[in-house]
Amino acid sequence: FPIAPKSVTHIEMSRVDFLPGQEMPQHMHPVPVVCFVTKGAFRVSIGASPVRNVGVGETTFEPPNTIVHYFRNASAKDPAQLNCALLAGQDDKVLSIMLKQSTK
């Protein structure tokens with residue numbers, strides 16, 4: 001995937017554990033992010049792409065400055081886990097931005 005003209009100088013890793021049915025709220029990253037499903041399965045909505053299901057061994061890609069609507073643990077009874085790699089440059093200080101949630 002193209003990341004030019006960005007120069008990636010380091011990769012920030014994070015592990016995100018989800019309780020059964022838990023959903024990560026709407027957010028975005030100013031840098032590209034690749035997530036690897038290491039446990040369970042998720043329903044994922046990223047940008048304008050169709051909602052998709054991802055399971056163990058599969059990856060997702062979050063382009064920079066794209067709204068991630070949600071990562072939702074697809075199981076109501078089992079935990080799930082992601083390992084995410086944030087591809088950062090020397091000047092990248094803020095890597096994640098939580099967005100205001102709409103009230104429904």
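This report looks at a buried glutamate, the sheet around it and the salt bridges found elsewhere in the structure. Please keep in mind that the model is predicted.

**Glu62 and its surroundings**

Let us start with Glu62, which sits in strand β7, a stretch covering residues 59–62. Glu62 is buried, yet it takes part in no salt bridge. Where is the nearest side chain of opposite charge? That side chain belongs to Arg52, and it is 9.4 Å away from Glu62. Because a salt bridge requires a side-chain nitrogen of Lys or Arg within 4 Å of a carboxyl oxygen of Asp or Glu, Arg52 at 9.4 Å does not qualify as a partner for Glu62.

Glu62 does have a polar partner, though: its side chain makes a polar contact of 3.1 Å with the side chain of His29. Leaving aside residues up to four places away in sequence, Glu62 also touches a number of others, including His27, Val31, Pro32, Cys35, Ile46, Val68 and Phe71. Val33 is another residue that Glu62 touches, and Val33 stands opposite Glu62 in β7.

**The sheet that holds β7**

Strand β7 belongs to an open sheet of 4 strands, arranged in the order β1-β9-β4-β7 with antiparallel pairing. Strands β1 (10–18) and β7 stand at the edges and have a single partner strand each, so one side of each is left without a neighbour in the sheet. On average, neighbouring strands of this sheet are turned by 20° against each other, with direction ignored. For β7, the pairing with β4 (residues 33–39) is antiparallel and consists of 4 bridges.

**Where the salt bridges are**

How many salt bridges does a search of the whole structure find? The search finds 2. In general, side chains of opposite charge can pair when their charged atoms come close. The table gives the N to O distance for each pair.

| Acidic residue | Basic residue | N to O distance |
|---|---|---|
| Asp17 | Arg15 | 2.9 Å |
| Glu23 | Arg72 | 2.6 Å |

The salt bridge between Glu23 and Arg72 links distant parts of the chain: Glu23 lies in strand β2 (residues 23–24) and Arg72 in strand β8 (residues 68–73), 49 residues apart.

Are these residues buried or exposed? Asp17 is partly exposed, at 42% relative accessible area, whereas its partner Arg15 is exposed, at 56%. In the other pair, Glu23 is partly exposed with 35%, and Arg72 also counts as partly exposed, with a relative accessibility of 29%. Glu62, by contrast, is buried and has no salt bridge.

Methods:
Residues numbered from 1 in each chain as written. Predicted model: local features only at pLDDT ≥ 70, side-chain atom pairs only at ≥ 80, totals over all residues. Heavy atoms only, no water. Helix = DSSP H or I, 4+ residues; strand = E, 2+ residues; numbered from the N terminus. Buried < 20%, exposed > 50% of the residue type's maximum accessible area, 1.4 Å probe, protein only. Lys, Arg positive; Asp, Glu negative; His and termini not counted. Polar contact = N/O pair within 3.5 Å; in protein donor to acceptor, adjacent residues only side chain to side chain. Contact = heavy atoms within 4.5 Å. Pairing = 2+ DSSP bridges. Axes fitted to C-alpha atoms, helices over the stretch in contact; angles between N-to-C directions.
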